[in-house]
Amino acid sequence: MKKKNLKDRVYEAIMEDIYSGVYKPGDIINEKNLVEKYACSKSPVREALIALCENQVLRNIPRYGYEVTKLTMEDIREMLEFRYYLEGGLLYARMEKITPHQIEELEQLNRECLRDDLSPREHWMANLAFHVALIHACGNEYIDQQVKHCMQRLTRAYAQFRWGVDKQKLHLSSDCRHHKEILAALRKKDNSHIVELLKEDLGDFTLLD
């Protein structure tokens, strides 16, 4: 691994192993094994582990290792509630700022969400891109960053509950079924209706259980 941003590279590598199921909720990982795995010094590994603990991805168990935390459906519901109030309030107040060009970009992103040939992971990343672009178009950088952070945590939840499931058993587009109506509300500048649609759209995520 390159020295530049080594801590970030180790962080991302551990997250990728969690996403892909190499490390599952409840698994214990330790610093020594990671140093050997990534062929680097202890310092960037330790820094990455500390950052992962701060972000509640791992839990430090002294003299034992680091446990991969498990997200529950209650955790997911709390994150979705956070997104509803944050995104809904921003859309209600600022949807007038969203331009026809930005709506067209959202249309293109939504077409990716509705593709039947995507894997569960590819589908989720397309859905994430749609929502990140929707909030970014409202023009509040601070809220934009908070939503991205929440979506990153939801990515781990999606990986935990869906990425290991046979695609044939899932209806991947079911959690994007309200996107078309959201886009129609944007064109009409119907801020009250779009908040209702956002709530329904976020509620589809709980179909995971």
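**View 1. Who lines the largest cavity in this predicted model?** The residues lining the largest cavity split into 5 nonpolar, 2 polar and 3 charged. Here's the roll call: Leu80, Arg83, Trp124, Asn127, His131, Met151, Asp175, Asp201, Leu202 and Phe205. Keep in mind that you're looking at a predicted model.

**View 2. The helices around the largest cavity.** Three helices, H4 (73-94), H6 (120-136) and H9 (191-203), each give two or more residues to the lining of the largest cavity. Which one gives the most? That's H6, with 3 residues. As for the space inside, the largest cavity holds about 80 Å³. If you go hunting for cavities of 30 Å³ or more, the count comes to 1.

**View 3. The largest nonpolar core.** Now let's turn to the greasy side of things. The largest nonpolar core has 39 residues, and Leu154 and Leu186 touch the most other members. Helices H4, H5 (100-113), H6, H7 (141-163), H8 (179-188) and H9 each chip in at least two residues of this core. For some background, nonpolar side chains in soluble globular proteins tend to be buried together.

**View 4. Zooming in on Leu154.** Which residues does Leu154 touch, leaving out those up to four places away in sequence? They are Ile76, Met79, Leu80, Arg83, Trp124 and Phe205. You've met some of these names already: Leu80, Arg83, Trp124 and Phe205 are also among the residues that line the largest cavity.

**View 5. Another core, set apart.** Apart from the largest nonpolar core lies another core, this one of 24 residues. Its members include Met15, Leu49, Ala51 and Val68.

Notes. Residues numbered from 1 in each chain as written. Predicted model: local features only at pLDDT ≥ 70, side-chain atom pairs only at ≥ 80, totals over all residues. Heavy atoms only, no water. 1 Å grid on protein atoms, 1.4 Å probe; cavity = no way out; pocket = protein on both sides within 12 Å on 5 of 7 lines; lining within 4 Å. Points joined across faces, edges and corners; volume = space filled by probe spheres on them. Helix = DSSP H or I, 4+ residues; strand = E, 2+ residues; numbered from the N terminus. Nonpolar A, V, L, I, M, F, W, Y, C, P; charged D, E, K, R; others polar. Core = buried A, V, L, I, M, F, W, Y, C linked by side-chain atoms within 4.5 Å. Buried < 20%, exposed > 50% of the residue type's maximum accessible area, 1.4 Å probe, protein only. Contact = heavy atoms within 4.5 Å.
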